[in-house]
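Welcome! Open your viewer, keep the selection panel handy, and follow along stop by stop.

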Amino acid sequence: MVEVLNCRGLKCPQPVLKAAIKANTLPAGTTLEVHADCASFPDDVTKWCADRGKVLVSIVDQGTYKVATIML
Amino acid sequence: MGTVYTIDPITRLEGHGKIDIYLDDAGNVDRAFFLVPELRGFETFVEGRPAEDMPQITSRICGVCPTAHHMAATKALDALYGVEPTQTAKAVREFFYNLFMFEDHLLHFYFLGGPDFIVGPDAPKSARNILGVIDKVGLEAGKKVIEIRKRCRALMAEIGGKPIHPVLGLPGGVAKQIKEGSREELKSFASEAISFAQFTLSAFNDIVLANKAYVDLVLSDTYYLESNYMGMVDSSNRVNFYDGKIRVVNPSAAEIDKFKPADYASVIAERVEPWTYIKVPYLRKVGWKGFVGGESSGIYRVAPLARLNAAEGMATPLAQEEYERMYSILGGKPVHNTLALHWARLVEVIYAAERLAQLADAEELTSDDTRNMALNTPREGVGIVEAPRGTLIHHYESDESGVITKANLIVATVGNSAAISMGIEQAARKLIKNGVVNDGLLNMVEMAFRAYDPCLSCATHSLPGKMPMEIRLKNKSGLLINKMIRN
C-alpha cells in the first residue's frame, strides 16, 4: 500500500510535520511517498526517519521538487 | 457632574490607552478609568491556521515583544506535538530569550519608565524622554545605552534569523545551530552586558535611591497595592524566564499554588468587563472579589516585582546580591510598592546578563543536535514564558491535521489589568485635590501604569460580543456637531 502526501509549496517545518501526522494514521509497513519542494526537506525528512525509526528508502529529485519514499 | 480630565493618548508605553479622571463638584476625584480602546483579536482570527504558523503569526502581535510571543508559541507547539526539545535547543532558546529580556528591560528603563525618575516626575514633558535622560546621564552614557542595545539586537538577528520577528523556534527544537566559532563573541557580549547592568544599577542607586524624595515616592501609599503575585521559577524556586513551574504567592508571600503550564486553566480564571477589550484574570481558588486588594483579593500581579515576590531568590550571584539588597532596603518580602517595579526590573537585567554568560559557557549550546523530530499527532498544547511584562500564556487546540481550532492567550499585561486600573484610580485620588490639576500631577498618575511597562497592543484579544463605538460628526471646519455612542 502506497500513500502519497503532497507538500509542495509548504515551507520548513511543515512538510515533515504533515508527514509525521500522516504517518501516525497509517499502519506499520505502509509506504509513504512525500512530495516537497522546500530546500531543507531532504535533511529534515532524513532526521525525522532516523528519530522515529522509519526506513528512508530513497529521496529522488524530480527537478522542481523531491520525492521521499518512506517505509513506515 | 464636575470636570473630566482625559489623558489621551497616555505616553511612554507600548500600544494605545487613555485615562479618564472624573472630578466631583469639590474638585476631588470621583472615579478614574484606565481604558484600552484598541482591539487586536488574534485569538479569533488564528482559528483555521496551521499550528506551525503560530510562532510567526503571534509574534506579529507586537513589534516590541515579538520574541516573547514567538517563544511561548514555540513551547505551546512542543506540547501540542508532544515532543521534548533537545538540550541544545533549550540552551539556544534560553540564550536567545535572555538577550531579548536584557534589551527589552533596558528599553523600559532608559526610554519609557526611567525618564520619570532620571529626569523627574514633574519635569517638563518635553524633557521626560530619552533625550532628557541623555542630558542627565551624559552623552557618553547615552551612547553606551544605544550601542549595547544595538549589539544585542544584532546578536538576536544572527541567532533568531531576523531582527524583529524571529524564525527560530520549531516544535522540538530550533531552526538554526549556533556555531562553535560564535562562542567567543557571545561570551564577550555577556561580559559587556554584565558590566552595563552594573553601570545601570549604579546609576539607579545614585539618581533614585540617593534621593530621599524619590525613595519617599516609591514607598508612598499613592503607589501601593497588596495583591497576590505570580512568576515562573526553577526547581529551587528561583526566577527563570524560559522554563519551570509557575508559583503563586499571597499578599503575605506564602505559596498558595505552584503549577505546570498545562494546568494554568485550573488556577487562572478570566472575566470580561463591558468597558474594555482587555480581559481581567483572577485566581480561581480565591474567586473574583472585585477590584480590591488585600488578603482576600483574587487579583494577582505579574512582571518583574511579582516575579521576585513569587520566587525565593535569583539563580545568579550578582542578581541575588541585588535582590537581597532591594528587599533589605524596602522592608522585606513581599514588596507591594508598585514603583519598586523599576528596581526589580534592573535586578532582572543583571540576572539576564549573568544567565547569558552561563549559557555562553555551556557545552551543549553549539552542538548540532538542534531538533527532536519525534513528533506525535497534535491535540492540545500550552506554552508559558516570562515576558518582560510578566507571565505569558499561549494555549492552542488543534484538529488531527494540526489546524488550530481554539486559541487562548493570557498576555502578560492582561495579568496586571486589574491592578493597573486600581492603581491609576488610587494615584489620581491621592494626587488630585480641590481641583488642582497640572501636567506634573497627571504624569504622576501615568506613573502608576507606566511602572508595569504595559503592552496594550499585546493585550486585547477578547471579543465581548458587541463593539463599543463612538462616532463624532464634524463640519468642514472641524467643529463637532454631533456625537453618538453605542455601548
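Leaving aside its neighbours within four places in sequence, which residues is A:Leu56 in contact with? Select A:Leu56 and look around: the contacts are A:Val45, A:Thr46, A:Cys49, A:Ala68 and A:Ile70. Before going further, please keep in mind that this is a predicted model.

**Stop 1: around A:Leu56**

Colour strand β3 of chain A, residues 55-61, and you will find A:Leu56 in it. Is this residue buried, exposed or partly exposed? A:Leu56 counts as partly exposed, because it has 16 C-beta neighbours inside 10 Å, while a buried residue would need 20 or more. Now add A:Met71 to your selection. A:Met71 and A:Leu56 are separated by 15 residues in sequence, yet their C-alpha atoms are 6.4 Å apart in space.

**Stop 2: where the chains touch**

Next, show both chains together. The contact between them draws on 11 residues of chain A and 15 residues of chain B. On the side of chain A that touches chain B, helices α1 (14-23) and α2 (41-52) of chain A each supply at least two residues. Select α1(A) and you have the element that gives the most to that side, with five residues. Colouring this side of chain A by residue type shows six nonpolar, two polar and three charged residues. For the model as a whole, the scores are ipTM 0.81 and pTM 0.90.

**Stop 3: a hairpin and its sheet in chain B**

Move to chain B and select residues 245-249, strand β7, together with residues 255-259, strand β8. These two strands of chain B pair in the antiparallel sense, over four bridges. You can pick out individual partners: B:Arg247 is bridged to B:Lys258, and B:Val248 to B:Asp257. Five residues lie between the strands of this hairpin, and B:Ala253 takes a positive phi near 75° there.

Now widen the view. Which order do the strands of this open sheet follow? The four strands run β8-β7-β6-β11 in chain B, with mixed pairing. At the edges stand β8 and β11 (300-301) of chain B; each has a single partner strand, so one side of each is left without a neighbour in the sheet.

**Stop 4: a covered helix**

Select residues 439-450 of chain B to bring up helix α16. This helix has 12 residues and reaches 16 Å from its first C-alpha to its last, close to the 16 Å expected at 1.5 Å a residue. How many of the residues of α16(B) are buried? Nine of the 12 are, which leaves the helix mostly covered. The buried residues include B:Leu442, B:Val445, B:Met447 and B:Phe449, and also the charged B:Glu446 and B:Arg450. To see what covers them, show the surrounding elements of chain B, among them β1 (4-7), β2 (18-23), β3 (29-35), α4 (87-112), α5 (115-118) and α15 (417-431).

**Stop 5: an exposed glycine and the confidence colours**

Go on to B:Gly478, in the loop between β15 (469-474) and β16 (480-486) of chain B. B:Gly478 is exposed, because just 6 other C-beta atoms lie within 10 Å. For a sense of distance, add B:Gly244, which is 234 residues away in sequence and 55 Å away in space, C-alpha to C-alpha.

Finally, colour chain B by pLDDT. The mean is 91, and 95% of the residues of chain B reach 70 or more. Over residues 464-469 of chain B, though, the pLDDT is below 50, and this stretch has five contacts in the model beyond near neighbours in sequence. Where pLDDT is low, the predicted coordinates should not be read in detail.

Key
Residues are numbered from 1 along each chain as its sequence is written. Chains are lettered from A and ligands numbered from 1 in the order in which they are written. This is a predicted model: local features need pLDDT of at least 70, side-chain atom pairs count only at pLDDT 80 or more; totals for chains, interfaces and linings use all residues. Two strands pair if DSSP finds at least two bridges between them. Two residues are in contact if their C-beta atoms, placed from the backbone, lie within 7 Å. The expected span of a helix is 1.5 Å times one less than its number of residues. pLDDT is the predictor's confidence in each residue, from 0 to 100.
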